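This report sets out the fold, surface and charge pairing of a single protein chain. The sequence and structure are shown first.

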Amino acid sequence: LFPLGGTVFYRQLLTSGKLKYDFWADYINNPTRDYKVPKFRTPEEDAMLAKFVDSLNKKFYLSPRFVFRNLPKVIHNRTLLRSIRIGAGLVLNKHK
């Protein structure tokens, strides 16, 4: 989730103090190529979000429906071993 200027979420972050200043206004007044968006989540929230995304990835990519639909393509492209390694990494949380 990314806080876009002018959205309800962005205004809530400003009101709650999670964003210390209006960084979109700062960017508009001084646009730079490598502008960094200020952090608005705590480390705990980041960890919870990462765990949630991992669970969604596992649920989708390891579902029998996904596996069986993609198995012929994987076998045809000779990427079965690579796919098995990626799947094992997903199960063991060793993916990047």
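The sections below describe a predicted model, moving from the overall fold to individual side-chain pairs.

## Secondary structure

The chain contains five helices and zero strands. Read from the N terminus, the order of elements is therefore α-α-α-α-α, with a helix being a DSSP run of at least four residues. Among these elements are α1 (8-16), α2 (23-29) and α3 (residues 43-61).

## Overall dimensions and packing

The radius of gyration of the chain is 20 Å, whereas a compact globule of 96 residues would have a value near 12 Å. Along the principal axes, the C-alpha trace extends over about 55 × 30 × 20 Å.

Of the 96 residues in the chain, 12% are buried, where buried stands for under 20% relative accessible area. Among contacts with a separation of 6 or more, 31% are made by residues 24 or more positions apart.

## Surface and charge

The exposed area of the chain is about 8300 Å², and carbon and sulfur atoms supply 63% of that area.

The side chains include 18 positive and 7 negative groups. The centres of the two sets are 16 Å apart.

## Salt bridges

Side chains of opposite charge can pair when their charged atoms come close. How many salt bridges does the structure hold? The structure has two.

One of them joins K18 and E45, with 2.8 Å between the closest N and O atoms. This pair connects distant parts of the chain: K18 lies in the loop between α1 (8-16) and α2 (23-29), while E45 belongs to helix α3 (residues 43-61), and 27 residues separate the two. The separation of 2.8 Å falls within the 4 Å limit, so the pair qualifies as a salt bridge.

The other pairing is between R41 and D46, whose closest N and O atoms are 2.7 Å apart. This distance also lies within 4 Å, so the criterion is met here as well.

## Exposure of the paired residues

Are the residues of the K18 and E45 pair buried, exposed or partly exposed? K18 has a relative accessible area of 36% and is therefore partly exposed. E45, at 25% relative accessibility, also counts as partly exposed.

In the second pair, R41 has a relative accessible area of 31%, which makes R41 partly exposed. D46 is likewise partly exposed, at 29%. These assignments follow because partly exposed covers the range between the buried limit of 20% and the exposed limit of 50%.

Key: Residues are numbered from 1 along each chain as its sequence is written. This is a predicted model: local features need pLDDT of at least 70, side-chain atom pairs count only at pLDDT 80 or more; totals for chains, interfaces and linings use all residues. Side-chain values use heavy atoms; hydrogens and water are left out. The radius of gyration is taken over C-alpha atoms; the globule rule is 2.2 Å times the number of residues to the power 0.38. Buried means under 20% relative accessible area, exposed over 50%, partly exposed in between (1.4 Å probe, protein chains only). Contact means heavy atoms within 4.5 Å. Accessible areas come from the Shrake-Rupley method with a 1.4 Å probe; for residues, only the protein chains shown count as cover. Lys and Arg count as positive and Asp and Glu as negative; His and the chain ends are not counted. The place of a charge is taken as NZ of Lys, CZ of Arg, CG of Asp or CD of Glu. A salt bridge is a side-chain nitrogen of Lys or Arg within 4 Å of a carboxyl oxygen of Asp or Glu.
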